[in-house]
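Here is a friendly walk through one model, from its core to a pocket and on to some backbone details. Keep the viewer open as you read.

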Amino acid sequence: MSQSPVPESWNPGIVFAHLTDVGMRRANNQDSLACLPAKSEERFWNRGHLFVVADGMGAHAAGELASQMATERIAMQFFRSHASSTADALRAAVSDANDEIHQRGQNNPEFHNMGTTASALVLSPSGAFVGHVGDSRAYRLRAGKFEQLTFDHSLVWEMEATGQTGQGIPKNVITRSLGPHAVVDVDVEGPFPIEKDDQFLLCSDGLTGLVEDDEIGALLDCLPEEKAVRVLVDLANLRGGPDNTSVIIVRVVDPIVGKQPGVPQKRNRSEPAVSRAILATVAICLTGALLLGILSVVDPYDPDQLGDQNWVGPMVVALLLGMITSAIAIYEWLQVRKRKRPSSSHSGNQGPYREYDATPTKALYERLGETVQALRDAANQNNWMMDWQKVDAFQDEGRVAIETKNVKDAIRAQSEAVIETMNQLREQNNRAANETAIDH
């Protein structure tokens, strides 16, 4: 786990924490993450802060390599990009990662068809952007509202999007990932507005498979980011932990969106801009006005005026300019229409997709307590040597807080009980592993 305070050299406007964990049933961690906050004001205004989570698939070595390549390649290519917009740079970086992973898989039989999900978050001067492939997720918490900013590229979500629902749909089948195919469609979402106190979360499906969205949102609301990443990972592990779990939480502590004083901003193609069709209309109107002006002084039936060709050149030039400008504007308008036209597969830029109430409740406090109790019951049944004194003390604090209707404090105390329970379980597992090694 790592938590990064605001550097002294300049104020990036954010703090963040991250944690990745192998889980309870896996031998290795196929997740990978990258946190690259801008280290200077110049770099921030050029590209912004970047965070990436990837969840590898395939044989152990292949999945690890694919996710590591994804996070490293996305970061490198994003900051190297000469694209004029954040959205274009992000899409190109994710696509480049796909190219590299695919080529490595094609060239080495051990890595054949290796793949990975990837969710990349950029906090930039023009807002938040997400580049996304797979079923890892990006969320935003604001004023008690927890929003999923990404669309799961999974069979369940794809079928729901087309109106097909059913109980027999497997939940672990993803429909899009980096690596298996030479070309991949990258969803780019945003720009989403950024405000002070916003929290953004990136995670692999090791978290969302076991911790409900409203639970995640409420815990973010109650806990500082370094505590929240630990509680979320421990909660997933206490509930079985069948998969690797990775979490990044970014909190906005100061406004970071706006125009840099004295520096003209590049227009982002994903944001509203003056339509070139309007410029074409202006050109046509000017051309028409010029023609009307000429015709008002030229009598087409006067041979002397018609014989004077001085006015023909300017008129022809004006007509040609108007026609060329109009043609360019119409072409670009058609291209925009084409890009916005919905296709059979999801193409992004439509989020948020789901919204949850992240209000801390007594029900959440009780659910956290049930998770701790389930571990306590298992320990008693299996005669594990676990010290429950600290856990009991935290839960006593929680009960007092609930009695005084201080729900947030109750959830904070119960979260500490979750962390301590997981600490006790790790110590028990270490003791069991050592005993097994001695026996052998």
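## Cores, a pocket and unusual backbone

In this predicted model, the largest nonpolar core has 44 residues, and L201, L219, L232 and V247 touch the most other members. Helix α7 (residues 225-238) supplies the largest share of this core, with eight residues. Another core lies apart from it and holds 31 residues, including A34, L50, A54 and I101.

To see the packing around one of these residues, pick L219: beyond its neighbours within four places in sequence, L219 is in contact with V231, L232, L235, L364, L368, I411 and S415.

Next comes a pocket. The second largest pocket contains about 1,000 Å³ of space. Its lining has 34 residues, and D135, K171, N172, D205 and G209 are the closest to its centre. Two or more lining residues come from each of β4 (49-57), α4 (155-161), α5 (205-208) and β13 (354-357). By type, the lining of the second largest pocket divides into nine nonpolar, 13 polar and twelve charged residues.

The backbone also deserves a look. Here are the cis peptide bonds at two prolines:

| Cis peptide bond | Omega | Location of the proline |
|---|---|---|
| G190 and P191 | about 10° | strand β10 (residues 187-192) |
| G351 and P352 | about 0° | loop between α10 (312-340) and β13 |

Finally, D197 is not a glycine, yet has a positive phi of about 80°. D197 sits in the loop between β10 and β11 (199-203), and counts as partly exposed because its relative accessibility is 47%. K405 also has a positive phi, near 60°, without being glycine. K405 belongs to the loop between α12 (389-403) and α13 (407-439), and with 73% relative accessibility K405 counts as exposed.

How values were computed. Residues numbered from 1 in each chain as written. Predicted model: local features only at pLDDT ≥ 70, side-chain atom pairs only at ≥ 80, totals over all residues. Heavy atoms only, no water. Core = buried A, V, L, I, M, F, W, Y, C linked by side-chain atoms within 4.5 Å. Buried < 20%, exposed > 50% of the residue type's maximum accessible area, 1.4 Å probe, protein only. Helix = DSSP H or I, 4+ residues; strand = E, 2+ residues; numbered from the N terminus. Contact = heavy atoms within 4.5 Å. 1 Å grid on protein atoms, 1.4 Å probe; cavity = no way out; pocket = protein on both sides within 12 Å on 5 of 7 lines; lining within 4 Å. Points joined across faces, edges and corners; volume = space filled by probe spheres on them. Nonpolar A, V, L, I, M, F, W, Y, C, P; charged D, E, K, R; others polar.
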